[in-house]
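Trainee: I would like a close look at a single part of this model. Please take it slowly and keep to the atoms.

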Amino acid sequence: QVQLVESGGGLVQAGGSLRLSCTASGKIFSINAMGWYRQAPGKQRELVAVIGSGSSTNYADSVKARFTISRDNAKNTTYLQMDSLKSEDTAIYYCNAQIRVKRFLSVANYWGQGTEVTVSS
């Protein structure tokens, strides 16, 4: 079946950078939007950034001008470049993708297992 696998999380000092990657694999006909969400301890999961199949992007206000989302359609992969990281960016980051596994079927939402990002101040 379809799997989303994230990588690139870790520990970084405030002001530093990290790059997250997420690759979708398995039985895939097409991928619509791909995105990144995060969940900090004690908080709800929130949208960080999303990129459409035509590469249009949308960002949470809190990460605009610091984070950049991109995708490589040939590799079924999305990236999140995170610069000027702040302690409040500390969270588990989840990849999301809207995937159609077969022609004429509806898209379904898939999630990765999450990758932890810790920003020390």
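Trainee: With which side chain does the side chain of Arg-66 make a polar contact? Please start there and work outwards through the strands around this residue.

Mentor: A caution to begin with: this is a predicted model. The side chain of Arg-66 makes a polar contact with the side chain of Asp-89, at 2.7 Å. A polar atom of the Arg-66 side chain also lies 2.8 Å from the backbone oxygen of Ser-62. Arg-66 sits in the loop between S6 and strand S7 (67-72). Is Arg-66 buried or exposed? Its relative accessibility is 10%, under the 20% limit, so Arg-66 counts as buried. Leaving out residues up to four places away in sequence, Arg-66 touches Gln-81, Met-82, Asp-83, Ser-84, Leu-85, Lys-86 and Asp-89.

Now go on from that loop into S7. Six bridges join S7 to strand S8 (residues 77-82), and the two run antiparallel. One pairing to look at is Asp-72, whose bridge partner in S8 is Thr-77. Step back to the whole sheet. It is open, with four strands in the order S1-S3-S8-S7 and antiparallel pairing. Its edge strands are strand S1 (3-7) and S7, each pairing on one side only. On average, neighbouring strands of this sheet are turned by 15 degrees against each other, direction ignored.

Stay in S8 for Thr-78. Its relative accessibility is 0%, so Thr-78 counts as buried. A polar atom of its side chain lies 2.8 Å from the backbone oxygen of Ser-70. Neighbours within four places in sequence aside, the contacts of Thr-78 include Leu-20, Cys-22, Met-34, Trp-36, Ile-51, Ile-69 and Cys-95.

Next, the nonpolar packing. In soluble globular proteins, nonpolar side chains tend to be buried together. Here the largest nonpolar core has 29 residues. Trp-36, Val-48, Phe-67, Leu-80, Met-82 and Tyr-93 have the most contacts inside this core. Two or more residues each come from strand S3 (18-25), S4, S5, S7, S8, strand S9 (91-100) and strand S11 (115-120). S9 gives the most, with five residues. Look at Leu-80 in detail. Residues up to four places away in sequence are not counted here; among those Leu-80 touches are Leu-18, Leu-20, Trp-36, Val-48, Phe-67, Ile-69 and Tyr-93. Met-82 links back to the start: it is one of the residues that Arg-66 touches.

Trp-36 leads to another set of strands. Strand S4 (residues 30-39) and strand S5 (residues 46-51) run antiparallel, joined by five bridges. Trp-36 stands opposite Ala-49 in S5. The hairpin of S4 and S5 has six residues between the strands, and Gly-42 there takes a positive phi near 75 degrees. On the next step, three bridges join S5 to strand S6 (residues 57-59), again antiparallel. Val-50 stands opposite Asn-58 in S6. The hairpin of S5 and S6 has five residues between the strands, with Ser-55 at a positive phi near 75 degrees. After S6 comes the loop that holds Arg-66, between S6 and S7. That brings you back to the side-chain contact of Arg-66 with Asp-89.

Note on methods
Residues numbered from 1 in each chain as written. Predicted model: local features only at pLDDT ≥ 70, side-chain atom pairs only at ≥ 80, totals over all residues. Heavy atoms only, no water. Pairing = 2+ DSSP bridges. Buried < 20%, exposed > 50% of the residue type's maximum accessible area, 1.4 Å probe, protein only. Polar contact = N/O pair within 3.5 Å; in protein donor to acceptor, adjacent residues only side chain to side chain. Contact = heavy atoms within 4.5 Å. Axes fitted to C-alpha atoms, helices over the stretch in contact; angles between N-to-C directions. Core = buried A, V, L, I, M, F, W, Y, C linked by side-chain atoms within 4.5 Å.
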